Structure formats: structure tokens, C-alpha cells
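Notebook open, viewer up. I want to go through the sheets first, then a helix pair, then one lysine.

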Amino acid sequence: MTDVNGIGLEHLAIRQLSHKSDMTTSQSVQDVRDVAPPVPSVKIGSATNLLSGAGTTTAVQEHENETAEIVIVCEPQGTSLMMGGLHPRASLYERPVNLDAAKSAHAEFRQVMRDAGVKVLTVREILSYRVVNHMGARVELEEMAMTALTYSMDEGVEITELREEDRPYLSDDYKREVLQHMSIMQLIDTIMINPTVHISPSYRDTGLSASYTFQPLSNLVYTRDQQITTCKGIVMGKLRSSQRQLEVEVMKFCFRKLGLPVVGEIEEPGFLEGGDYFAAGEDLALVGVGLRSNQEACDQLMQRNWLGTDRLAVVRDDFEQHQDRMHLDCVFSILGDKCCIMLEEMLGAESKTRRLVDEYSRHPLTGKYELTREKVEFSQYMREEGYHIIPIKPEHQLLYGCNVLNLGNSRIISVNADTGRQIVQDPHFHGDVQVIDYSPITSMYGAVHCSSQVVRRLPSSLKDKMVQDALRKSRQPE
């Protein structure tokens, strides 16, 4: 794969200032599990070269307005997206999908980020990296495909109905042989569609016949949701929709291959989706709870010290919980150090769809989070934090006006021109907005914030130190 690019010169200048475990087999007739198999072992950092020029391999995000350095995306291609498009509603899509148009729109999105100096990596690129020439990487990918591919007897058919000589063709040994002969793209497509081959006796020809069912990862294009990136690093989420849970395993495999450590993983009864998380500085993080994420996940983030902030604002959606506003990033986003956008109709204590904030603060002695404020109306809370709020009209919110991506220093990518104009005309906004046509992707129920995972932003404190060190060095006589 060649879908990778270098970083911008200005960011490069700043940075210049600055035995695999036992392999897991997949389900088969002779090896059946009731739960999704764990992510297979992968050599840590076998794809770190993909991050060359992007600083260290640390994952960190302290504030949405800090410079984005590394972004992970998943381009909308392959059989899994085609399958999702066969029945959009059941695939959690908003509208029917034109796959070719979606590919073009996503390619433009990636190019816009790269033109801004961001290192953009795709899931397929990470999965395929080094596989051609390095047997270790090839075996790791095959083992990941082993967890995705299932051989099963057809319903109502017992394995004893097969001839003795045909029974080995349902074993993991045969499955592994099949995968060893696949091309890289075949292996990746297998991972993306999670096929089950249902076997029955044919009593002729090869002795076997097959039918197929699939669990395609049709929503992996939205790489925001499977995890969050905090001041401490990457925390894997727990998705509400069972058909999306396998996405978490694929992303975890990618992070391990990149050498980006995962600091924790949300467990049930907790549910956490990345569209509900915002980094607002070393002092504050925000998590929306309601339709997708819940309080139990917030409790785990605090109890296990995965946030790295002194405070957590839990933004409660108690009164609406509508699919069109499923995540916090559907109604809110941070545009600058003290500037944000918010859905107009939910502003104020009298709004029928208002959000309420419970604030938890870390005790200076025990280090444990304690509830210090509760049921504060969201817009009031943000204003008390010093934020200017740009209100977004409901009709623009439905066109994903709030779902913008901040590349740092108030460099905003938006998918709605009316929202873009409103932002740049506000005297409190000091940045720039680039609007792209992303409608082929928004048809799948998300926009640019949803379809990007920023795993590294340059912390302001580190950037300031690097600049000071550079200035000091420049003044020294040669």
C-alpha cells in the first residue's frame, strides 16, 4: 500500500526542535466459542516506521486545539462497505451509499489533512505493512484472519453425516492452509467481512457444499468510535452495537503494530464511544453519556486513572437521546482554546433537549475523583469555563455542521458551508475553515470528526519548550 504521506515542513521544523504469544485460532466446528475471540498477538511496533517523521510513538491528546500530528482513518473500500450498502438502515447508515463517491470524498479528506502537515495512516495500510517481505508480519495478519473466518456445519447437519475423509476440511489446520495461500488483500477482506462458511455434505463432486453468512465491519470508516485518546494515551472503548464490537479488535491490532500503547479497555457494563469524548486541556476532559456511552464507562476512566486530567465533565443527555444526535460530537465541538460550537436549540436551562453536566474533580490528597458539581446546564458550564459559544441552527446540525475536525490552532475542516461561514464571521474565532463535500460519507451517519482518530497532538507545553530550546540554541555562537 502506498497511501501514506510525509508531514509538512513547518511541523518538521518544530519536531527538529524537539515470541509473539501463543496464536489464537478462530472458531471452527472443533473449536467453538460463545464470545468474540481476542485480538491475536502481534509484534509490538512492527509498523513503527509508518510513523517516521511524526515525533515519538507516544499517543497523547490534551486539547482539541493542539496541533494534530497523527490521524488514523479507514478508507471506504472493499467488500465490507459494499455489503453495508446493500441494506443501509440495518447497517446503521442514514441514507443509501454510492461507494465510488464515498472513496473520492474520503480521499479528498485525507489529502486536506496531509496538506496541513498531518501524518495520515489508513487501517488497510497498517494491516498490510511489511507483509510482503516479512514473514512475521504475514503470519500476524493470517492469525488475525483466523479469528475472523469461521467454519461451521450447516444448520440441522451433524459432522457425523460427513464422510470420514471430508471431516478434516472443517478443521483449523485446513483453515490455516487456506489463509496461507491468500493474497494480502484477501486476508484483509476476510478480516473486514468476518465470514462464516456453513458446510453440508453434497454426496457428489468434492463431497461438500457451502453457504455463507457475514458480519462485515461496515462502520469502520468511522474510526473515532472504537477508542479515545486522552492525556494518558489510548483507551479502547466498548461499542453499544454488537455488530460493531469487532472493530475494536481490529483497531487494537493496528495500535499494537504501530507501537502505540493501549493504556486501558472499557469493560461491560461500561459503554464508551469515541464520538462522546473531547479533550479540553490538562485540567479538563468531557464525556457525553446517553444513547451510546454511559456513566459506568466514566467511572472506569476515573477509577483507573486513564484520563490524566484533574476534572471530568460528564455531559448528560437525559431528555432526548435521538439517533441524529447520538454522540456529543453531533451537537458540540471545540474550535479554539476558548471557542466552541453548540446546537442552538439545546442551549439554556429551559430547553427541552438541554444537556446537564456533572463535574468530578480529583481530590488533592487521595487522588480519587469526587462529584463536585451536578446538573449544570451545558452552555452555562462552558461559559463558566471561559468559552465563547457559536450557536448552530438545527437545520445545519442535521447536515453535520457541528461535526468538524480541528487540526490544531483553530484550523477547522467542516462539511457544511453555512456553518463554515458562521464560524469565520464570528469575532471570537481566530482561525480558518476549509469546507469539503463529504455527503457520500455522511450518508453513513457521520462526518469528519467521526471518521478520524487523532492519536497524537503536540502538547502545548512541549511545543513551547521546544521553541524556547531552539531559540536558545540559535543564540549560541558556533
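Entry 1, a small sheet. I'm working on a predicted model here. I looked up the open sheet with strand order β12-β13-β16 and found three strands with mixed pairing. Its edges are β12 (332–336) and β16 (388–392), and each of these pairs on one side only. From one strand to the next, the twist averages 25°.

Then I checked how β13 (residues 339–343) sits against β16: the two are parallel and share five bridges. For the register, I noted that C340 has I389 in β16 as its bridge partner.

I also asked myself which helix lies across β12, β13 and β16. That is α12 (residues 417–425), and it runs at about 150° to β16.

Entry 2, a buried strand. Next up was β11 (residues 311–316), where six of the six residues are buried, so the strand is largely enclosed by the rest of the structure. Which side chains go which way? R311, A313 and V315 point to one side of β11, while L312, V314 and R316 point to the other, and all are buried. That fits the textbook rule that side chains in a regular strand alternate between the two faces of the sheet. I jotted down that both R311 and R316 are on the buried list.

For a pairing partner I went to β10 (residues 284–289), which runs parallel to β11 and is joined to it by six bridges. L284 has R311 in β11 as its bridge partner, so R311 turns up again, as one of the buried residues.

Entry 3, a helix pair. I pulled up α5 (residues 135–148) and α6 (residues 172–180), which pack with axes 10 Å apart at an angle of about 130°. The pair counts as oblique because that angle falls between the 115 and 145 degree cut-offs. As for handedness, the crossing of α5 and α6 is right-handed.

Who touches whom? On the α5 side I listed R138, E142, E143, A145 and M146, and they meet D172, K175, R176, L179 and Q180 of α6. Sorted by class, this contact of α5 with α6 has six charged, three nonpolar and one polar residue.

Entry 4, a lysine. Last, I clicked on K252 in helix α8 (residues 245–258). Is K252 buried or exposed? Its relative accessibility is 15%, and the cut-off for buried is under 20%, so K252 counts as buried. I also checked K252 against M236: they are 16 residues apart along the chain, and 7.5 Å separates their C-alpha atoms.

Key. Residues are numbered from 1 along each chain as its sequence is written. This is a predicted model: local features need pLDDT of at least 70, side-chain atom pairs count only at pLDDT 80 or more; totals for chains, interfaces and linings use all residues. Side-chain values use heavy atoms; hydrogens and water are left out. Axes are lines fitted to C-alpha atoms, for helices over the stretch in contact, and angles run from 0 to 180 degrees between N-to-C directions. Angles under 35 degrees count as roughly parallel, over 145 as roughly antiparallel, 65 to 115 as roughly perpendicular and the rest as oblique. A crossing is left-handed if the near helix is turned anticlockwise from the far one by less than a right angle, and right-handed if clockwise. Contact means heavy atoms within 4.5 Å. Ala, Val, Leu, Ile, Met, Phe, Trp, Tyr, Cys and Pro count as nonpolar, Asp, Glu, Lys and Arg as charged, and the others, Gly among them, as polar. Two strands pair if DSSP finds at least two bridges between them. Buried means under 20% relative accessible area, exposed over 50%, partly exposed in between (1.4 Å probe, protein chains only).
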